[in-house]
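Dear colleague,

I am passing on a structure that you have not worked with before, and my notes on it follow below. Please read them alongside the sequence and the model.

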Amino acid sequence: MRQTIKATNITHTNAIDEYLHKKMAELERILEPNEKSSIARLDVGKTSKHHKEGKEVFYAEITFHVKNKDFRAVAKSGDLYSAIDEMKDMVVREVTRHHAHLRADKKKGGRPWASRPTLLI
């Protein structure tokens with residue numbers, strides 16, 4: 001999966017890139033081979049320039065699209081690396097929940113999500 005990394009209100013360093021690539025390797029491991037997304041958008045940074053201290057100064061966000069489903073996770077923390085860890089945990093949890101939901105539907109004999117009709121109200 002190709003990754004686009006954006007740093008907001010912080011300097012974009014190689015250490016941040018390496019840490020993000022290491023954490024996103026787990027996400028790529030749980031995705032099924034036919035679910036590989038073409039691009040993942042990662043955004044890390046500070047919420048504002050004037051906050052020096054506080055509980056939620058740094059944030060990490062990921063957005064990617066896989067087989068008719070968009071995944072998005074946002075985490076805020078006092079430390080950039082802990083925000084990245086929380087974001088990774090959130091998106092991994094969301095993807096595994098989605099996989100469990102698809103397996104349950106398939107086991108019950110339901111139609112796949114892609115072939116279900118949309119409701120127009």
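**The second helix and the core**

In α2, the buried residues (under 20% relative accessible area, 1.4 Å probe, protein chains only) are Leu80, Ala83, Ile84, Met87, Lys88, Val91, Val92, Val95, His98, His99 and Asp105. Please bear in mind that this is a predicted model, in which local features need pLDDT of at least 70 and side-chain atom pairs count only at pLDDT 80 or more, while totals for chains, interfaces and linings use all residues. Residues are numbered from 1 along each chain as its sequence is written, and side-chain values use heavy atoms, leaving out hydrogens and water.

The chain holds 2 helices and 4 strands (DSSP runs, H or I of at least four residues for helices and E of at least two for strands, numbered from the N terminus), and their order along the sequence is β-α-β-β-β-α. The cover over the buried residues of α2 includes α1, β2, β3 and β4.

The largest nonpolar core (buried Ala, Val, Leu, Ile, Met, Phe, Trp, Tyr and Cys residues joined through side-chain atoms within 4.5 Å) has 27 residues, and those touching the most other members are Leu20, Leu27, Ile62, Phe64, Ile84, Met87 and Val91. At least two residues of this core come from each of α1 (14–30), β2 (39–46), β3 (58–66), β4 (69–77) and α2 (80–108), with α2 giving the largest share, 7 residues.

Setting aside neighbours within four places in sequence, Val91 is in contact (heavy atoms within 4.5 Å) with Leu27, Ile62, Phe64, Phe71 and Ala73.

With best regards

Definitions and conventions: Buried means under 20% relative accessible area, exposed over 50%, partly exposed in between (1.4 Å probe, protein chains only).
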